[in-house]
Amino acid sequence: MPAQLTSDRAGDQRIKHLEEMARQIRVLCLKTAGHAGVGHLGGALSAAEIMSALYFDVLRLNPQEPGWPLRDRFVLSKGHTCLAQYAALTLKGFFPAEWLDAFAQEGSRLQKHPDCHKTPGIDFSTGSLGQGASVAVGMALAGMLDARDYRVYALLGDGELDEGQVWEAAMAASHYHLDNLVFIVDANQLQLDGPVENIMSIEPMAQKWEAFGWETREIDGHCVRGVRHALATPAESNRPVVVIARTIKGKGVSFMEGAVNYHSDVPDATKLAQALRELGESNGQ
């Protein structure tokens, strides 16, 4: 068999695997929120392909040694969508699936926002929007000063870009030429109170990042092949990279897609069963 054909088939299998991981991430998000009765599902579902590409292809990690010094770092700056990260960490083997059953309960190691002191695989505790961006810049700068070759990734929401702290971080990253830093903006067009464009328009987004000195890549955030390529490709110059991933809030569930109430609402048992069926869980369990 020609080498190119073998390579193409392997690549196609890899993409199918990442698509399946994104599906499983969505399923676990729904089951976990349904069991707990709480959770920010809309933004978790919109980020499923991003999480899949990161955890199952791009990030250099060791689940058996979460604090491995040479690991790549990942900061979930939009920490309220931690369901997607918990699902990815579970599927990657950082902790057992049973932990998800205790999500958001008192004393649980999986709280409603990431806690790096409680949860293996969490590099920084987040919750206050904007702070994760600054922390990621600090991590990238530390890596550069220490001559370490790890990369730092941070996932932000488009509504989070309302925070001035994000743009202070963006200026610092550009100033220090942090080409080991990648920001991903989950641009799902909705935030807590409604459409981003109505609350505080941030377009033209790409031009803003470029003006701050960043290398900008704009992609379909639900095309896992494109997400993988955008995240894995090194910077073309000594600049930080921002990947603007255009997504749909609540992606994968018909009644949740583009519905602002599912920023933080959890569907009832009937709707939850429907959602799971739509995601290929035939019995809705």
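## Pockets

The largest pocket in this predicted model has a volume of about 260 Å³. Its lining comprises 19 residues, and those nearest the pocket centre are His80, Leu129, Gln191, Leu192 and His263. By class, the lining of this pocket holds 11 polar, 5 charged and 3 nonpolar residues.

The second largest pocket has a volume of about 170 Å³. Its lining is formed by Asp158, Gln189, Pro195, Val196, Glu197, Ser201, Ile202, Glu203, Met205 and Arg246. Here the classes are 4 nonpolar, 4 charged and 2 polar residues. Two of the lining residues, Gln189 and Glu203, reappear below under backbone geometry.

## Enclosed space

Rolling a probe the size of a water molecule over the atoms shows where empty space is left. How many cavities of 30 Å³ or more does a search of the whole structure find? The search returns 1 such cavity, with a volume of about 80 Å³. This cavity is lined by 13 residues, of which Leu61, Pro66, Arg71, Phe94 and Gly121 are the closest to its centre. The cavity lining consists of 8 nonpolar, 3 charged and 2 polar residues.

## Nonpolar cores

In soluble globular proteins, nonpolar side chains tend to be buried together. The largest nonpolar core of the model contains 59 residues, and within this core Ile184 and Leu231 touch the most other members. Helix H1, spanning residues 3–36, supplies the largest share of the core, with 10 residues. Apart from this core lies another, of 29 residues, which includes Ala140, Leu156, Phe183 and Val185.

The surroundings of Ile184 can be listed explicitly. Beyond residues up to four places away in sequence, Ile184 touches Ile50, Leu54, Tyr153, Ala154, Leu155, Leu156, Leu231, Val243 and Ala245. Among these contacts, Leu231 is the other residue that touches the most members of the largest core, and Leu156 belongs to the core of 29 residues. Ile50 and Leu54, also contacts of Ile184, are buried residues of helix H3.

## Helix H3 and serine 52

Helix H3 covers residues 48–58 and is mostly covered, with 10 of its 11 residues buried. These buried positions are Ala48, Glu49, Ile50, Met51, Ser52, Ala53, Leu54, Tyr55, Phe56 and Val58. The list therefore contains polar and charged side chains, Ser52 and Glu49, as well as nonpolar ones.

Where does the side chain of Ser52 find a polar partner? Serine 52, a member of helix H3, has a relative accessible area of 0% and is therefore buried. Its side chain reaches the backbone oxygen of leucine 18 at 2.6 Å. Leaving aside residues up to four places away in sequence, Ser52 touches Leu18, Met21, Ala22, Ile25 and Asp57. Of these, Leu18, Met21, Ala22 and Ile25 fall within the residue range of helix H1 (3–36).

## The loop between E3 and E4

The loop between strand E3 (181–187) and strand E4 (190–191) contains glutamine 189, and asparagine 188 is found in it as well. Is asparagine 188 buried or exposed? Asparagine 188 counts as buried because its relative accessibility is 5%, below the cut-off of 20%. By contrast, glutamine 189 is exposed, with a relative accessible area of 53%.

The side chain of asparagine 188 makes a polar contact with the side chain of serine 46 at 3.1 Å. Residues touched by asparagine 188, not counting those up to four places away in sequence, are Gly43, Ser46, Lys78, Asp158, Thr247, Ile248 and Lys249. One of these, Asp158, also lines the second largest pocket, as does Gln189.

## Backbone geometry

Most residues other than glycine have a negative phi, and most peptide bonds are trans. Glutamine 189 departs from the phi pattern with a positive value of about 75°. Alanine 104 likewise has a positive phi, of about 70°, although it is not a glycine. Alanine 104 lies in the loop between helix H4 (82–92) and helix H5 (131–145), and it is partly exposed, with a relative accessible area of 23%.

A cis peptide bond joins glutamate 203 and proline 204, with omega about 0°. Proline 204 is located in the loop between helix H7 (196–200) and helix H8 (205–211). Glutamate 203, on the other side of this bond, is one of the residues lining the second largest pocket.

Definitions and conventions
Residues numbered from 1 in each chain as written. Heavy atoms only, no water. 1 Å grid on protein atoms, 1.4 Å probe; cavity = no way out; pocket = protein on both sides within 12 Å on 5 of 7 lines; lining within 4 Å. Points joined across faces, edges and corners; volume = space filled by probe spheres on them. Core = buried A, V, L, I, M, F, W, Y, C linked by side-chain atoms within 4.5 Å. Buried < 20%, exposed > 50% of the residue type's maximum accessible area, 1.4 Å probe, protein only. Helix = DSSP H or I, 4+ residues; strand = E, 2+ residues; numbered from the N terminus. Contact = heavy atoms within 4.5 Å. Polar contact = N/O pair within 3.5 Å; in protein donor to acceptor, adjacent residues only side chain to side chain.
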